[in-house]
Amino acid sequence: MVEVTPNRPKTEKELKKEAEKAAKIAKFEEKQKKLAEQKAAASAKPKEVKAKKEPVSNATPVDNTVAGEKKDLAAEIPSAYCPSYVESAWYPWWEKQGFFKPEYIDKLHPNSNPETFTVCIPPPNVTGSLHVGHALATTVEDTITRFNRMHGKRTLFNPGCDHAGIATQVVVEKRLKKERGLTRHDLGRDRFNQEVWHWKNEKGGQIYDQFKKLGASVDWDRAVFTMDPKMCRAVTEAFIRMHESGTIYRSNRLVNWSCALRSAISDIEVDKKELTGSTLLAVPGYEQKIEFGVLNSFAYKIEGSEEEIVVSTTRIETMLGDSGIAVHPDDQRYKHLVGKKCIHPFIPNRELPIFADSFVEVEFGTGAVKITPAHDHNDYDVGMRQNLPFHNCITDDGLISAGCGQFSGMKRFEARTAVIEALKEKGLYRGKEDNPMVVPTCSRSKDVIEPILKPQWYVKCTHMAEKAVAAVASGELQIIPDLHRATWNRWLESSRDWCISRQLWWGHRIPAYFVTFSDGRAQPLPEENYWISARTEQEAREKAAKKFQVKEELVQLKWDEDVLDTWFSSGMWPFAVFGWPENTKDMDLFFPSTVLETGHDILFFWVARMVFMAQELTGKLPFKEIILHAMIRDAHGRKMSKSLGNVIDPLDVIRGVTLEGLQQQLLTGNLDEKEIAVAKAGQARDYPDGIPECGVDALRFALLAYTSQGRDINLDVLRVQGYRFFCNKIWQAVRFTLNQFKEKEDQKPTFKIDIQKASPADKWILSKLARAVKESNDGLKVYNFTQATTSTYNFWLYDFCDVYIEAIKPVLYGENAVARQVAISVLHLCVDTGLRLISPLMPFISEELWQRVPRLADADYSAPSVTVAQFPLSEKYAQYLDEKLEASFEFAKEVVGKVRALRADYDLTARTKISIQILAETAEDQAMLKDLSDLIATLTWSNSVTILGQSEKSKVEKGSAHIACGSRCQVYINLTGIIDTVKEIEKLGAKLQKNQISVKKIAEVQASADYEQKVPSGIRARDQEKKSSLEKEIENITAAIAQLKALN
């Protein structure tokens, strides 16, 4: 135990400490007292209202330009790229100035007699908003239009919108029912169509606004709606001419029938659900789900015999329309039954002959096939071939027809169950088994399609298809990419005649009248002979009187109530928009179009039919080239579907949206609660933080960059965001350049550059610029958009920003006026040319920045806007190409990259200057590296760079880290006095361990069971990229540790 001596005198040091402590306490108490007094005084005074602070420099800039006026750019350029600010004001000004009108070229270059470039926008449906597929198509079309406009051509990008018969009628009918509890039949045809026009006028402008937001440089004065008077006139004229020539005819055939819509629909409006076996599907109008994907078997009794024949069917209710039973001619099981008849169990007076037909598959089912010619496409052909009667057993409403015994009046799928039960009662049911099958459903109503026999109007396609195939074979019509030529040929060589009747009220009413006679005379000819096509009822009366040689007053007419398939009017789009059948000035100037751009999924449904109609009615092809873009899927490669929650609205990508905002959008559609839950889960997984604001230019650039992917595009929104960061890079580069122009008032850039006074860096960037110009021109001329995006991206990011700007900073801030004059002129040329290069791809940021760049008196072009400025021409820049210098720079950049990597390994900041020695393997490389030593010093933050030859190996300084650059040179960095090797080895060891743990974690995630299926491809790519980067870093750190140990 230590004994403490009481009252020990304190030392001088202890007394000093106590005094200091006491002084501090006193000072603190005094301060607290003053604060209390100030607080009390402040509470006694009335509160002052503080003035709001001015927005900081990085706040979102605001544009207050009046619509149509030129944007005011007098203020200093904002410190960062802001899409919403950049995209404001420019489009209304472009439109007001008339830049998008084909006539503008005459104002810009009078008497130039330019070449014409025309593209007609594929008209989107008036029913809704543009989806990301439209954004892709519009971006491609607008890019090639802008490119050709900047090349001085008379360009027309013609806009329009499609009336979308079925889709629009469905939307308006749902609205009527929801808001007023009415059906179209409650209103009648005329009042219902008035409602549709009202809805179109209310909603139709939405799509045009979206086109504007995407930057589509269309001539709005030429916008066409497919129900406009000039389109109605053209459609009527086309029908009459084709009917009178025999190309359009009437026939009683099977059609794809939607009972819910009570209309025939086109093949493209039929969705095909593939089932692997028994599946319950929801069908409109039924409370319970209906079973599909099974093969039901039942027996028909042979007349006058105890024998029976068992048949199998996936649609057992259609047995009420059976006309016979087919077996294969070589099937020994049934040979003795051929020629006999069966008894229908529910319709006693109907005999069903058994006959042989080679279409029967012996191995399928029982090998005996029930034939229902009025309700099955294959059976229709058999019925025609065997001359069987056609029995309709299902009405337009989806009910069982009269004459079908106890089942008449039942709903078709309720009759399915009732027929099975009735067969069981009669002892004729033989059971069911799973059967993989495809169930056709209506994309609009979701109803199951019913093949029904209907008298309809058809277009003969065989001859037109042959001409279309020949046009592609001869090269007169080009399909790009040409891999789609095989599809073109396959479809057209097997094309059927085209049914153009639709049982709707909204659309182009068929200009045909059925003729009867008031005196009741007999009409012995087939029904189709009594139809007359005409522009008016009076014209039809006159034609009928002449054809049947009767007086006009005896002619009675009934106007066909059906409308034409929407694809009929759409098929006339390339020439009807220009005023056909009149020989207008626009027809002479702009038809045929230069190019059509659309998705490959409608190659037959729309593209082929445009070729058909144009060749038939004008004698010309509608366009010279067809560009087919890929289909856009989500990041997982799945088809976009509202029920999956993976549909991407381009406006959400442009403006940004929260996850809550995305999920709120799901509630405005027609999804049920279960589908909404699935969709919400999908959105939460793919967009946990919502979609970031990317802007139009980034979206356009990303879509164009994606076009190399062939048939499908897996769109990753984060990649789009990456291009927004690229936009900011361009912004900062131009901002830096503008600041250099202001730095010295007595120095201004010139367009013409004295190449003799240029430094190697100047000459190199000019060569890279010339290469970007050539690659962009070459790519866009042949619609290789990926080449254009890659070349411009690489130039701006890797050449101009990463290398040139950094390389010339010593010149810009130095005292050599001649060198600086050349540098700022090169900066100007690079920025001016680079902005013109990206203008067709990224119209808004290019205009915003180009307008801020000073125009030079000695420039070789002039224009009020970059949209009508001259696109950089390869031949004007060819003088700057220097492949040898580019190769030298690539080698120097490799050296720089190695040195920077080593600096990063040792955590050396730019402030830490180093000395480098480079030992070249050849005299040629030694001379080349000496010429670029200043550049290497600048880019590696070095005090000195010494280039040594092979005879000077002994001059390499001791204590230097060593890096090999291939077989061409060795790089030595003197680290003496810069780093503590022992501490650095410890630090690098810790970093190595951390990276190894990170790599292990990523590898474990990648090895998980559902990784490939559940994780979007973009995230998988980023995982792999991060892992590869860490592995490379591990390799570098390991080498660096070895280097440091060697130094010891």
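Here is a short back-and-forth about a predicted model, covering a helix pair, two cavities and some strands.

Me: How do you know that helix H24 and helix H27 touch each other?
Reply: Contact means heavy atoms within 4.5 Å. On the H24 side, Ile730, Val734, Thr737, Gln740, Phe741 and Glu743 make the contact, and on the H27 side there are Arg820, Ile824, Leu827, His828, Val831, Leu835 and Ile838.

Me: And how is the packing of H24 and H27 described?
Reply: With an angle and a distance between the axes. H24 covers residues 717-743 and H27 covers 817-838; they pack at about 145°, and their axes are 10 Å apart. The crossing of these two helices is left-handed.

Me: What makes Glu743 and Arg820 the charged part of that contact?
Reply: Asp, Glu, Lys and Arg count as charged. The contact between H24 and H27 has 2 charged residues, next to 8 nonpolar and 3 polar ones. Glu743 sits on H24 and Arg820 on H27, so by the class rule these are the charged pair.

Me: On to the holes. Why is a space in here called a cavity?
Reply: Because a 1.4 Å probe fits there but cannot get out. With a floor of 30 Å³, the count comes to 2 cavities. The largest holds about 60 Å³ of space, and the second largest about 30 Å³.

Me: What makes a residue part of the lining of the largest cavity?
Reply: Having an atom within 4 Å of a cavity point. The residues that pass are Phe99, Lys101, Pro102, Tyr104, Ile105, Leu108, Arg149, Lys153, Arg154, Thr155 and Val868. Helix H4 (104-108) and strand E2 (154-158) each give two or more of them, with H4 supplying the largest share, 3 residues.

Me: Which classes show up in the lining of the largest cavity?
Reply: There are 6 nonpolar, 1 polar and 4 charged residues. Lys and Arg count as charged, so Lys101, Arg149, Lys153 and Arg154 go in that group.

Me: How do you know the lining of the second largest cavity has no charged residues?
Reply: Go through the names: Cys120, Trp573, Pro574, Ser593, Val595, Leu596, Met610 and Phe623. None is Asp, Glu, Lys or Arg, so none counts as charged. The tally is 7 nonpolar and 1 polar. Strand E26 (593-599) gives the most to this lining, with 3 residues, and helix H17 (573-576) supplies at least two.

Me: Now strands. Why are E32 and E33 called a pair?
Reply: Two strands pair if there are at least two bridges between them. E32 and E33 (residues 969-974) have 6 and run antiparallel, so they qualify. Serine 960 stands opposite asparagine 974 of E33.

Me: What makes E31 and E32 edge strands?
Reply: Each pairs on one side only. The open sheet has 4 strands in the order E31-E30-E33-E32, with mixed pairing. Its twist averages 20° from one strand to the next. Helix H30 (residues 883-905) packs on the sheet and touches E30, E32 and E33.

Me: How do you know that strand E22 pairs with both E23 and E24?
Reply: The cut-off is at least two bridges. E22 (residues 512-517) has 3 to E23 and 5 to E24, so both pass. Tyrosine 513 takes part in each: isoleucine 532 stands opposite in E23, and tryptophan 559 is the bridge partner in E24.

Methods
Residues are numbered from 1 along each chain as its sequence is written. This is a predicted model: local features need pLDDT of at least 70, side-chain atom pairs count only at pLDDT 80 or more; totals for chains, interfaces and linings use all residues. Side-chain values use heavy atoms; hydrogens and water are left out. Axes are lines fitted to C-alpha atoms, for helices over the stretch in contact, and angles run from 0 to 180 degrees between N-to-C directions. A crossing is left-handed if the near helix is turned anticlockwise from the far one by less than a right angle, and right-handed if clockwise. On a 1 Å grid over the protein atoms alone, a cavity is a set of points where a 1.4 Å probe fits but cannot get out, and a pocket is an open set with protein on both sides within 12 Å along at least five of seven lines; lining residues have an atom within 4 Å of a point. Grid points are joined across faces, edges and corners, and a volume is the space filled by probe spheres set on the points.
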